[in-house]
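Work through these three exercises with the model open. Each task is followed by its solution.

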Amino acid sequence: MSIFTRDQSVTFGDCDPAGIVYYPNYYRWMDGTFHEYLRAVSSGHSGVCAQLGARGLGLMESKLAFRSPAVDGTVLRYAIEGITWANKSFDITYTAHDGDRLVLEGMERRGIFIEKDGRLRAGETAPLRALLGL
Ligand SMILES: CC(C)(COP(=O)(O)OP(=O)(O)OC[C@H]1O[C@@H](n2cnc3c(N)ncnc32)[C@H](O)[C@@H]1OP(=O)(O)O)[C@@H](O)C(=O)NCCC(=O)NCCSC(=O)c1ccc(O)cc1
């Protein structure tokens, strides 16, 4: 059972000369899925950051495995499949499907980026968990 889903339409301009989705777009849409999730369950990224005194729920790591191609006209259903919490980071796992067909599997490792002694640091994740009720 997914935590959250959203649909993303693929248009002509999202594709490379071979007619399949140009891969950086998949990263943008994965990021966008996280932001839509935050909007659905909280005051959104900027609101959450204001509440936590954070600069961003920023990326430490991000990866995708491309399982099958998508083309102009595909409607991708992005899903957040799970969130795993560590002390100062959290991992979000994603899938995107075209109907029953798996198009990609992805993950992001994010942190609560705070400014400390003039540099970015990862803050504790507990306040975010509490805010999201997770
Ligand atoms: C992430 C950092 C602030 C962490 O700094 P520190 O506070 O010194 O981290 P620590 O070494 O103490 O590690 C803290 C935890 O993070 C984990 N960590 C830290 N860095 C990494 C990396 N690179 N990979 C994996 N895990 C990491 C580490 O294992 C610790 O894990 P747990 O304690 O088990 O939870 C610093 O490494 C940094 O500034 N990295 C560059 C970040 C960056 O430039 N990201 C790309 C910008 S994208 C962005 O900000 C964004 C915002 C919002 C969006 O929707 C999308 C993108």
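**Exercise 1.** Sort the residues of the shell around the ligand by class.

Step 1. The shell divides into 7 nonpolar, 5 polar and 5 charged residues. Ala, Val, Leu, Ile, Met, Phe, Trp, Tyr, Cys and Pro count as nonpolar, Asp, Glu, Lys and Arg as charged, and the others, Gly among them, as polar.

Step 2. This is a predicted model: local features need pLDDT of at least 70, side-chain atom pairs count only at pLDDT 80 or more, and totals for chains, interfaces and linings use all residues. Residues are numbered from 1 along each chain as its sequence is written.

Step 3. Of the 17 residues around the ligand (C-beta atom, placed from the backbone, within 6 Å of it), G58, A86, K88, S89 and R121 come nearest. Two or more shell residues come from each of β2 (56-66), β5 (101-116) and β6 (119-123). β2 gives the largest share, 6 residues.

**Exercise 2.** Describe how α1 and α2 pack.

Step 1. Helix α1 (residues 24-41) meets helix α2 (residues 44-52) at about 70°, with axes 7 Å apart. Helices are DSSP runs of H or I, at least four residues; strands are runs of E, at least two. Axes are lines fitted to C-alpha atoms over the stretch in contact, and angles run from 0 to 180 degrees between N-to-C directions.

Step 2. α1 and α2 are therefore roughly perpendicular (65 to 115 degrees).

Step 3. H35, L38 and R39 of α1 contact G44, H45 and V48 of α2 (C-beta atoms, placed from the backbone, within 7 Å). By class, that is 2 nonpolar, 3 polar and 1 charged residues.

**Exercise 3.** Which residues does Y78 touch?

Leave out residues up to four places away in sequence; Y78 then touches T5, R6, Q8, W29, M30, T33, Y94 and A96.

Methods: Parallel < 35°, antiparallel > 145°, perpendicular 65-115°, else oblique. Contact = placed C-beta atoms within 7 Å.
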